[in-house]
Amino acid sequence: MLTREQALTLVVRCLAGLGRELGKPELEQADELTCLLGESSPLDSLALVKLIVDLEEDVRIATGKSVILAEENTMDTRTSPFRRVDLLAEHMVEVANK
């Protein structure tokens with residue numbers, strides 16, 4: 001079982017790693033309200049894909065369960081769980097605990 005706090009920790013840790021890798025210090029300071037999609041996001045599309053892949057692996061390690069976080073219905077920019085860190089963490093919990 002994955003808790004919201006565990007999911008938040010995974011997302012923030014992945015973003016910090018991406019921030020170091022991409023030279024984007026704002027990602028190293030990510031919190032629950034950090035935007036992940038749109039003009040105000042520090043992530044480009046490739047960095048978002050890397051984040052998703054890394055998080056899927058982290059969830060597998062944490063829970064022993066393989067998950068798919070990005071599906072067609074999750075990519076609508078108005079309703080996507082990838083809009084902000086907190087929404088992504090909640091989506092991870094939902095998917096991991098099915």
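**Close-up views of a predicted model**

**View 1. Helix α1 meets helix α4.** Arg4, Ala7, Leu8, Leu10, Val11, Val12 and Leu15 of α1 are in contact with Val85, Asp86, Leu88, Ala89, Glu90, Met92 and Val93 of α4. Sorted by character, the residues of this contact comprise 11 nonpolar, no polar and three charged. Please keep in mind, here and in every view below, that this is a predicted model.

**View 2. How the axes of α1 and α4 cross.** Two packed helices are described by the angle between their axes and by the distance between those axes. Here α1 covers residues 4-22 and α4 covers residues 85-96, and their axes come within 8 Å of each other. The crossing angle is roughly 125°. Angles of 65 to 115 degrees count as roughly perpendicular and those over 145 as roughly antiparallel, so α1 is oblique to α4. The crossing of α1 past α4 is right-handed.

**View 3. Gln6, a residue of helix α1.** Let us stay with α1 for a moment, since Gln6 belongs to this helix. Is Gln6 buried, exposed or partly exposed? Its relative accessibility is 39%, and because this value falls between 20% and 50%, Gln6 counts as partly exposed. Gln6 also shows how the chain brings distant parts of the sequence together: 56 residues separate Gln6 from Ala62 in sequence, while their C-alpha atoms are 8.9 Å apart in space.

**View 4. Ser41, in the loop between α2 and α3.** The loop shown here runs between α2 (25-28) and α3 (45-63), and Ser41 is part of it. Ser41 counts as buried because its relative accessibility is 13%, under the 20% limit. Which residues does Ser41 touch, once those up to four places away in sequence are set aside? They are Cys35 and Leu36. Look also for Leu43: its backbone nitrogen lies 3.0 Å from a polar atom in the side chain of Ser41.

**View 5. Ala70, in the loop between α3 and α4.** Our last stop is Ala70, which sits in the loop that lies between α3 and α4. With a relative accessibility of 30%, Ala70 counts as partly exposed. Beyond its neighbours within four places in sequence, Ala70 is in contact with Ile52, Glu56, Met75 and Phe82. Glu28 is another residue to locate from here: Ala70 and Glu28 are 42 residues apart in sequence, and their C-alpha atoms are 23 Å apart in space.

Terms used: Residues are numbered from 1 along each chain as its sequence is written. This is a predicted model: local features need pLDDT of at least 70, side-chain atom pairs count only at pLDDT 80 or more; totals for chains, interfaces and linings use all residues. Side-chain values use heavy atoms; hydrogens and water are left out. Helices (H or I, at least four residues) and strands (E, at least two) are DSSP runs, numbered from the N terminus. Buried means under 20% relative accessible area, exposed over 50%, partly exposed in between (1.4 Å probe, protein chains only). A polar contact is a pair of N or O atoms within 3.5 Å; within protein, one must be able to donate a hydrogen and the other to accept it, and residues adjacent in sequence count only if both atoms are side-chain atoms. Contact means heavy atoms within 4.5 Å. Axes are lines fitted to C-alpha atoms, for helices over the stretch in contact, and angles run from 0 to 180 degrees between N-to-C directions. Angles under 35 degrees count as roughly parallel, over 145 as roughly antiparallel, 65 to 115 as roughly perpendicular and the rest as oblique. A crossing is left-handed if the near helix is turned anticlockwise from the far one by less than a right angle, and right-handed if clockwise. Ala, Val, Leu, Ile, Met, Phe, Trp, Tyr, Cys and Pro count as nonpolar, Asp, Glu, Lys and Arg as charged, and the others, Gly among them, as polar.
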